[in-house]
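I opened this notebook to record what I looked up in one structure, item by item. My plan was to begin with contacts across the whole chain and then go on to single residues.

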Amino acid sequence: MKRFFFIIFALILFTFSAAAHVIRYDLDKVEDGQVFWHYLLSGFEHIIPLGLDHILFIICIFFINNNLKSIILQASMFTLAHSITLALAMYEVINPPAHVIEPLIALSILLLAIENIFITTVKPWRMGVVFLFGLIHGMGFASVLSELGIPKDAFLTGLLAFNIGVELGQVAIILVMYLLVARNFANKTWYRRGIVIPVSIAIAVIASYWTIDRIF
């Protein structure tokens, strides 16, 4: 148990000293045959290791219960939603301002973390909430993809590959959490009070800081 509290404390310290959701490299134009793999990798990297805020969001989805089917269903709703707004934004149907979207992403993490603290089962509204937050996160993905740029002659390929990369990153997080946490500890009587609630509190603190920081 001490190990989990140490990890939580270290995560909070890291968060207050580093910015989330930041990409610090430029993507050069690539040949047509390399477009798919290049943007798939970019999408994956935006989740692991660069998208700490999105990682925490997926962890929040994971912690509401230990049913892998339910977790994957929620993640699928999230993927569907962020795919919609990512495509709309990249095709310039919508133009969400980053100074609004980024605080909303942090706020979505905060709300899910708080819900995990007080609710033990997936409620009927959970899917709708995850879908709504997915729409918001998709706008955040769009701002990053816009900075990277996509070759005009392979726009759809790049967009699709980036989205698949994001999804693979999310699936990787779920599988790691399941193998390292849920499979070993989910059936323990102390699982919720010893892991779910402390981690959710830590995530809520981090998300609160991000929300305030991104607003001001």
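**Entry 1, overall layout.** I began with the contacts in this predicted model, and I found that residues 24 or more positions apart account for 85% of the contacts in the protein with a separation of 6 or more. I then looked up the secondary structure, which consists of eight helices and zero strands, so that I could place each residue by its helix or loop. Of the 216 residues, 49% count as buried, and the protein exposes about 11000 Å², of which carbon and sulfur atoms supply 68%.

**Entry 2, nonpolar core.** Which residues have the most contacts inside the largest nonpolar core? I noted Phe63, Ile109 and Leu145, in a core of 56 residues. The elements that give two or more residues to this core are H2 (35–47), H3 (52–63), H4, H5 (98–118), H6 (126–148), H7 (155–185) and H8 (191–215), and the largest share, ten residues, comes from H3. I followed up Leu145 and listed its contacts beyond four places in sequence, which are Tyr39, Leu86, Met90, Ile150, Leu159 and Phe162.

**Entry 3, salt bridges.** I counted three salt bridges. The side chains of Asp53 and Arg214 meet in one of them, with N to O at 3.2 Å; Asp53 lies in helix H3 and Arg214 in helix H8, so this pair ties together parts that are 161 residues apart in sequence. Arg214 also forms a salt bridge with Glu102, where the closest N and O atoms are 3.3 Å apart, and this pair links helix H8 with helix H5 across 112 residues. I checked burial for these partners: Arg214 is buried because its relative accessible area, 17%, falls under the cut-off of 20%, and Glu102, with 14%, is buried as well. Asp53 and Arg214 are both buried.

The side chains of Arg126 and Glu115 meet in a salt bridge with N to O at 2.6 Å, which links helix H6 and helix H5 at a separation of eleven residues. Both Arg126 and Glu115 are buried. I also noted that salt bridges with shared partners join Asp53, Glu102 and Arg214 into one network.

**Entry 4, buried polar residues.** I turned next to Asn116, which is in helix H5; is Asn116 buried or exposed? Its relative accessibility is 0%, so Asn116 counts as buried. The side chain of Asn116 reaches the backbone oxygen of Cys60 at 2.7 Å, and Cys60 also appears in the contact list of Asn116, which, beyond four places in sequence, includes Phe63, Ile64 and Arg126 along with Arg192, Val196 and Ser200. Between the C-alpha atoms of Asn116 and Ala204 I read 9.9 Å, for a sequence separation of 88 residues.

Thr211 lies in helix H8 and, at 11% relative accessibility, counts as buried. A polar atom of the Thr211 side chain lies 3.4 Å from the backbone nitrogen of Leu107, and beyond four places in sequence Thr211 is in contact with Pro103, Ala106 and Leu107.

His137, in helix H6, is buried with a relative accessible area of 0%. I listed its contacts beyond four places in sequence as His54, Phe57, Phe78, His82, Ile105 and Ser108, and I noted that the C-alpha atoms of His137 and Thr85, 52 residues apart along the chain, are separated by 8.3 Å.

**Entry 5, backbone.** Most residues other than glycine have a negative phi, and most peptide bonds are trans. With that in mind I recorded the cis peptide bond that joins Ile48 and Pro49, with omega about 10°; Pro49 lies in the loop between H2 and H3. I also recorded Glu92, whose phi is near 60°, a positive value in a residue other than glycine. Glu92 is in the loop between H4 and H5 and, at 69% relative accessibility, counts as exposed.

**Entry 6, surface patch.** Last, I looked up a nonpolar patch on the surface, formed by Leu80, Ile84, Leu88, Tyr91, Val93 and Leu156, with about 560 Å² of accessible area together. The largest share of this patch, three residues, comes from helix H4 (residues 68–90). Leu80 is in helix H4 and, at 46% relative accessibility, counts as partly exposed.

Notes: Residues numbered from 1 in each chain as written. Predicted model: local features only at pLDDT ≥ 70, side-chain atom pairs only at ≥ 80, totals over all residues. Heavy atoms only, no water. Patch = residues over 30% accessible without salt bridge, like charges linked within 9 Å, V, L, I, M, F, W, Y side chains within 5 Å. Areas by Shrake-Rupley, 256 points an atom, 1.4 Å probe, with all protein chains shown as cover. Salt bridge = Lys/Arg side-chain N within 4 Å of Asp/Glu carboxyl O. Buried < 20%, exposed > 50% of the residue type's maximum accessible area, 1.4 Å probe, protein only. Core = buried A, V, L, I, M, F, W, Y, C linked by side-chain atoms within 4.5 Å. Contact = heavy atoms within 4.5 Å. Polar contact = N/O pair within 3.5 Å; in protein donor to acceptor, adjacent residues only side chain to side chain.
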